[in-house]
Amino acid sequence: MKILVLNCGSSSIKYKLYDMTDESVLAQGGAERIGLDEAFVKVTLKDGSKEKIMHDMPSHKEGVKFVLDLLVDPKYGCLKSLDEIDAVGHRIVQGGDLFEKSCIVTPEVEKGIESLIDLAPVHNKGHLAGLRAVDALMPGTPQVTVFDNAFHSTMPPYAYLYAVPYEFYTKWHVRRYGFHGTSHRYVSQRVCEFLGVDIKTQKIITCHIGNGASVAAVKYGKVIDTSMGLTPLAGLMMGSRSGDIDPSAVTYLMQKTGMGPQEMADFLNKQSGVLGITGISSDMREIENADNEGNERAHLALQMYNYRIKKYIGAYAAAMNGVDIIVWTAGVGENQEGVRWDACSGLEYLGVKMDKERNHVRSKEQILSADDSKVKVVMIPTDEEIVIARDTRDLVEAQKK
Ligand SMILES: Nc1ncnc2c1ncn2[C@@H]1O[C@H](COP(=O)(O)OP(=O)(O)O)[C@@H](O)[C@H]1O
Ligand SMILES: CC(=O)OP(=O)(O)O
Ligand SMILES: [Mg+2]
């Protein structure tokens, strides 16, 4: 069975084509700057090298079409015909309380995802455009949606409710949902396989630190709390998102500046976080470089960023009455040793003792803590796409029966 996995962002499409007989990746790449000038696709070639192909993609429909064209291209692809693709799996960030499990796409599912656009404004619009583009270009091909909030659906009400009038929850579904669930699920399960322990006995804190970033408390295999909330804006400080902020600061600023809700939401999602503090970039590699060159705001942003991760680790150790494993994953978590080192320093009281040499590593399954550390700190490179491909295979096969 061949499965195409698509992660359609607001201006990007990441794709991976799998042969599910051995879960090998047949083709992969990513389109960027969709809807903007100078759009391009970066394709990983068979020898592992990457090539950038400039191509105008005014919308996701053209983006998906170009990705599909590349899959049947003799140089960049590996298929003779798109008919060889048995199913397409999509990452969907917000399923709200409509979707707590992966599902086969029907017109009702599409409508449900559309109704949730306001609760993941940066993400759901692109996902829907991707689903519809596949519908139009590969009619009849089964599609499966895998939701970022699904793994967090085990949180108890006392963790997911906000302390506002209860009707806000019953009428408007305002509550904590949590995101990056596919990643938190993958790394919490994988770290237990890696360490040879039973997940049902472990208290795990998973740190998914990428451009979007979140922490989850996974107790005995189930999420009991996570840092993102109603939308992916809450919790940690991120590339361009504020993370936690006093709601009064938001209403105060709206009064003072005359900004409306949409404009304010744009500021909090796109102009805040590391970008907002430094004025340099939302890309953590650039911030690390600027810090090394003595830029004070970059230094401050890193201190804020790491301090907030540390606070969530402490909070979730308290929530679980201890912690056995801390996992680091995603772009920053896998590549930036300084972030891991700072966020895990000063946690000796919890039984965390990092090993500097082991921590000097990138994107590899590896223990980062010292042998005598009570808590195992481990890096597990995330693989959201394989989880999506497996769910897609399972649902499509079950439907055939
Ligand atoms: N070698 C690297 N490759 C990719 N991202 C990296 C690397 N080192 C650091 N990063 C940082 O990781 C972040 C992107 O993480 P990623 O998990 O890809 O985010 P997202 O999936 O939310 O786009 C950026 O801030 C980037 O600077
Ligand atoms: C939910 C979320 O923040 O996703 P991403 O990290 O891909 O932006
Ligand atoms: Mg990501």
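## An opening question

Between which helix and which strand does the loop that holds Asn321 lie? Asn321 sits in the loop between helix 11 and strand 12, the latter spanning residues 325-329. This report describes a predicted model, and it returns to Asn321 after an account of the overall fold, the core, the domains and the ligand surroundings.

## Overall fold

The secondary structure of the protein consists of 15 helices and 14 strands. Along the principal axes, the C-alpha atoms fill a box of roughly 60 × 55 × 45 Å. A compact globule of 401 residues would have a radius of gyration near 21 Å, and the value for this protein is 21 Å, so the two agree.

Of the 401 residues, 44% count as buried. When contacts between residues at least 6 apart in sequence are considered, 61% of them join residues at least 24 apart.

## The nonpolar core

In soluble globular proteins, nonpolar side chains tend to be buried together. In this model the largest nonpolar core has 106 residues, and those with the most contacts inside it are Val67, Ile205, Val215, Ile313, Ile326 and Val327. Helix 11, which covers residues 296-320, gives the most to this core, with nine residues. At least three residues of the core come from each of domain 1 (2-151) and domain 2 (198-384).

Val67 is one of the core residues with the most contacts inside the core. Its partners, when neighbours within four places in sequence are left aside, are Ile13, Tyr15, Ala31 and Val41.

## Two domains

The protein is divided into domain 1, residues 2-151, and domain 2, residues 198-384. Their C-alpha centres lie 27 Å apart. Where the domains meet, eight residues of domain 1 are in contact with seven residues of domain 2. On the side of domain 1 that touches domain 2, six residues are nonpolar, one is polar and one is charged.

## Surroundings of the ligands

Ligand 1 is surrounded by Gly210, Asn211, Gly212, Gly239, Asp283, Met284, Arg285, Ala330, Gly331, Val332, Asn335 and Gln336. Two elements, helix 10 (284-292) and helix 12 (330-335), give two or more residues to this shell. The largest share, four residues, comes from helix 12. By character, the shell around ligand 1 divides into three nonpolar, seven polar and two charged residues.

The residues around ligand 2 are Val93, Asp148, Phe179, His180, Gly210, Asn211, Gly212 and Pro232. Three of the residues in this shell are nonpolar, four are polar and one is charged. Gly210, Asn211 and Gly212 belong to the surroundings of ligand 1 and also to those of ligand 2.

## Ile388 and Ser240

Ile388 lies in helix 15, which runs over residues 384-400. This residue is buried, because 27 other C-beta atoms lie within 10 Å. Apart from neighbours within four places in sequence, Ile388 is in contact with Val5, Gly89, Arg91, Val146 and Thr182. Arg91 is 297 residues away from Ile388 along the chain, yet their C-alpha atoms are separated by 7.1 Å.

Ser240 is found in the loop between strand 11 (222-226) and helix 7 (247-257). It has 20 C-beta neighbours inside 10 Å and therefore counts as buried. Not counting residues up to four places away in sequence, Ser240 touches Asn269, Lys270, Gln271, Ser272, Gly273, Leu275 and Ser282. Ser240 and Ile277 are 37 residues apart in sequence, and their C-alpha atoms are 9.3 Å apart in space.

## Residues with positive phi

Most residues other than glycine have a negative phi, and most peptide bonds are trans. Asn321 has a positive phi of about 60° although it is not a glycine. Asn321 is exposed, because 8 other C-beta atoms lie within 10 Å.

His173 is another residue other than glycine with a positive phi, here near 60°. His173 lies in the loop between helix 5 (166-172) and helix 6 (181-195). With 14 C-beta neighbours inside 10 Å, His173 counts as partly exposed.

Key. Residues are numbered from 1 along each chain as its sequence is written. Chains are lettered from A and ligands numbered from 1 in the order in which they are written. This is a predicted model: local features need pLDDT of at least 70, side-chain atom pairs count only at pLDDT 80 or more; totals for chains, interfaces and linings use all residues. The radius of gyration is taken over C-alpha atoms; the globule rule is 2.2 Å times the number of residues to the power 0.38. A residue is buried if 20 or more other C-beta atoms lie within 10 Å of its own, exposed if 12 or fewer, and partly exposed in between; C-beta atoms are placed from the backbone. Two residues are in contact if their C-beta atoms, placed from the backbone, lie within 7 Å. A nonpolar core is a set of buried Ala, Val, Leu, Ile, Met, Phe, Trp, Tyr and Cys residues joined through C-beta atoms within 7 Å. Domain bounds come from an automatic or database domain assignment. A residue is near a molecule or strand if its C-beta atom, placed from the backbone, lies within 6 Å of it. Ala, Val, Leu, Ile, Met, Phe, Trp, Tyr, Cys and Pro count as nonpolar, Asp, Glu, Lys and Arg as charged, and the others, Gly among them, as polar.
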